[in-house]
Amino acid sequence: MAKKGKKLADAAKDAADKVPAPSPNPMTNLILADIALRAGGSLLRRGVEKGLIGTKMGSKKAGRVIQGRTMMQTLVGTAIARVATRSVPGAIVVGGGLLAKTLYDRRRSRTAEAAGEAAIEEQAERGKKS
């Protein structure tokens, strides 16, 4: 069974080696790969965000909320993600902060839910205007 899998993997590798690159210039190919990966990552991120937010409020409203983000919200989110993914201590600090915020919100569920709903509505309105 393992030999069959190895044969298939070797055949796939051989077939991939025969496919020509988009450009004869390796630097152009590197730029194209970078653009494709960033675009794919962006689409995946939007899909995950929309899925997580949309379960409670609907897909259309979730799209408006995502579109209504301010530049500061985007920059802070990016910075926090970078800190979390670049080192283990960073991941522990960010994860601990998220856990603390979640526990805090659960303890104060009524006021946290009302404040969150108001913020979401405001952000969705900004998304409509964009």
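**Close-up 1. A salt bridge joins Arg69 and Glu49, with 2.9 Å between the closest N and O atoms.** The partners come from distant parts of the chain, 20 residues apart: Arg69 sits in the loop between helix 3 and helix 4, and Glu49 in helix 2. Arg69 is partly exposed, at 32% relative accessible area. Here a salt bridge is a side-chain nitrogen of Lys or Arg within 4 Å of a carboxyl oxygen of Asp or Glu, and by this rule the count comes to 6 salt bridges. Buried stands for under 20% relative accessible area, exposed for over 50%, and partly exposed for in between (1.4 Å probe, protein chains only). Helices (H or I, at least four residues) and strands (E, at least two) are DSSP runs, numbered from the N terminus. Please keep in mind that this is a predicted model, where local features need pLDDT of at least 70, side-chain atom pairs count only at pLDDT 80 or more, and totals for chains, interfaces and linings use all residues. Residues are numbered from 1 along each chain as its sequence is written, and side-chain values use heavy atoms, with hydrogens and water left out.

**Close-up 2. Within helix 2, Arg38 forms a salt bridge with Asp34.** Their closest N and O atoms are 3.1 Å apart, and the two residues are 4 residues apart, about one turn of the helix. An α-helix has 3.6 residues a turn, so residues three or four places apart point the same way. Arg38 is exposed at 59% relative accessible area, whereas Asp34 is partly exposed at 35%. For a sense of distance, the C-alpha atoms of Arg38 and Arg82 are separated by 15 Å, with their positions 44 residues apart along the chain.

**Close-up 3. Helix 6 holds a salt bridge between Arg126 and Glu122.** The closest N and O atoms of this pair are 3.2 Å apart. Arg126 and Glu122 are also 4 residues apart, about one turn of the helix. Glu122 is exposed, with a relative accessible area of 51%, while Arg126 counts as partly exposed at 26%.

**Close-up 4. Ser23 and Asn29 meet where a loop leads to helix 2.** Ser23 belongs to the loop between helix 1 (2-18) and helix 2, and Asn29 to helix 2 itself (residues 26-57). Both are buried: Ser23 has a relative accessible area of 16% and Asn29 one of 18%. The Ser23 side chain reaches the backbone nitrogen of Asn25 at 3.1 Å. Neighbours within four places in sequence aside, Ser23 is in contact (heavy atoms within 4.5 Å) with Thr28 and Asn29. With the same exclusion, Asn29 is in contact with Ala21, Pro22 and Ser23.

**Close-up 5. Helix 3 (residues 59-67) has four buried residues to look for: Lys61, Ala62, Val65 and Ile66.** Seen down the helix axis, they fall within an arc of 140 degrees, so they line one face of helix 3. That arc is taken from the directions from the helix axis to the C-beta atoms. The buried residues of helix 3 pack against helix 2 and helix 6 (109-129).

**Close-up 6. Met71, Met72, Leu75, Val76 and Ile80 make a nonpolar surface patch of about 510 Å².** Val76, in helix 4 (residues 71-86), is partly exposed at 40% relative accessible area. Patches are made of residues with over 30% relative accessible area and no salt bridge; like charges are joined within 9 Å, and nonpolar side chains (Val, Leu, Ile, Met, Phe, Trp, Tyr) within 5 Å. Accessible areas come from the Shrake-Rupley method with a 1.4 Å probe, and for residues only the protein chains shown count as cover.

Technical notes:
A polar contact is a pair of N or O atoms within 3.5 Å; within protein, one must be able to donate a hydrogen and the other to accept it, and residues adjacent in sequence count only if both atoms are side-chain atoms.
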